[in-house]
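Me: Could you take a close look at one part of this model with me? I'd like to go through its side-chain contacts.
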Amino acid sequence: MRRRRTSEGTVASGDDSEQPTGATPVSGDTSEESDRSPDITAVRDALSAGAYSRAVLSGYAALRQGLAVAEGPATHWEFYRLAAESGLSESQLDALREVTEAFERVSFAGEAPDEETAATVLERVRAALDEGDSGVEAAGADD
């Protein structure tokens with residue numbers, strides 16, 4: 001992350017974007033964070049509030065946290081390849097691919113997703129995490 005000095009001489013972050021709430025950071029995983037099951041409440045709340053970019057980012061973080069994939073520091077596509085090699089089901093991989101593509105468009109292409117995209121991300125995250133192969137249930141998934 002780049003830092004810059006403001007006119008007052010204080011250090012300001014080079015990234016003023018919102019961090020997804022209720023989701024584990026993509027890298028820098030700690031054992032405490034690893035032990036928690038993913039909470040998709042943040043995704044649902046962001047969608048309800050009309051914060052579609054935050055919903056996509058939180059959805060990706062929850063999916064990445066919740067899938068049973070051994071990981072170290074990895075980019076989003078490296079994580080996808082690790083997931084493919086880990087034996088996830090085809091439907092979980094499809095969900096991960098679709099959510100990863102939405103994450104990439106928001107994070108790197110600067111696209112602002114619409115409500116339909118954010119709702120699809122929520123739906124795909126729920127489906128992938130609820131599938132029995134991952135052994136993880138999505139917290140807050142029951143509406």
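Which residue's side chain meets that of Arg105 in a salt bridge? Please carry on from there to the contacts of helix α5.

Reply: Happy to, bearing in mind that this is a predicted model. The partner of Arg105 is Glu111, with 3.7 Å from N to O. Arg105 is partly exposed at 34% relative accessible area, and Glu111 is partly exposed too, at 42%. Elsewhere, salt bridges with shared partners connect Asp94, Arg97 and Glu101 into one network. Within that network, Arg97 and Glu101 meet at 3.7 Å, N to O; both sit in helix α5, 4 residues apart, or about one turn of the helix. Arg97 has a relative accessible area of 32% and Glu101 one of 28%, so each counts as partly exposed.

Glu98 reaches beyond the helix: its salt bridge with Arg124 has the closest N and O atoms 3.0 Å apart. Because Glu98 lies in helix α5 and Arg124 in helix α6 (residues 115-130), this pair ties together parts 26 residues apart in sequence. A search of the whole structure gives 4 salt bridges.

Now for the rings: the whole-structure search finds 3 aromatic pairs. Tyr60 and Phe103 are stacked, at 4.0 Å centre to centre with 20° between the planes. Tyr60 belongs to helix α3 (residues 52-66) and Phe103 to helix α5 (residues 90-107), so their pair links parts 43 residues apart in sequence. Both Tyr60 and Phe103 are buried. Phe103 also pairs edge-to-face with Phe108, at 6.1 Å and 85°. Phe108, by contrast, is exposed at 57% relative accessible area. Together, Tyr60, Phe103 and Phe108 make one aromatic cluster.

Definitions and conventions. Residues are numbered from 1 along each chain as its sequence is written. This is a predicted model: local features need pLDDT of at least 70, side-chain atom pairs count only at pLDDT 80 or more; totals for chains, interfaces and linings use all residues. Side-chain values use heavy atoms; hydrogens and water are left out. Rings of Phe, Tyr and Trp (its six-membered ring) pair if their centres lie within 6.5 Å; planes under 30 degrees apart count as stacked, over 60 as edge-to-face and the rest as tilted. Helices (H or I, at least four residues) and strands (E, at least two) are DSSP runs, numbered from the N terminus. Buried means under 20% relative accessible area, exposed over 50%, partly exposed in between (1.4 Å probe, protein chains only).
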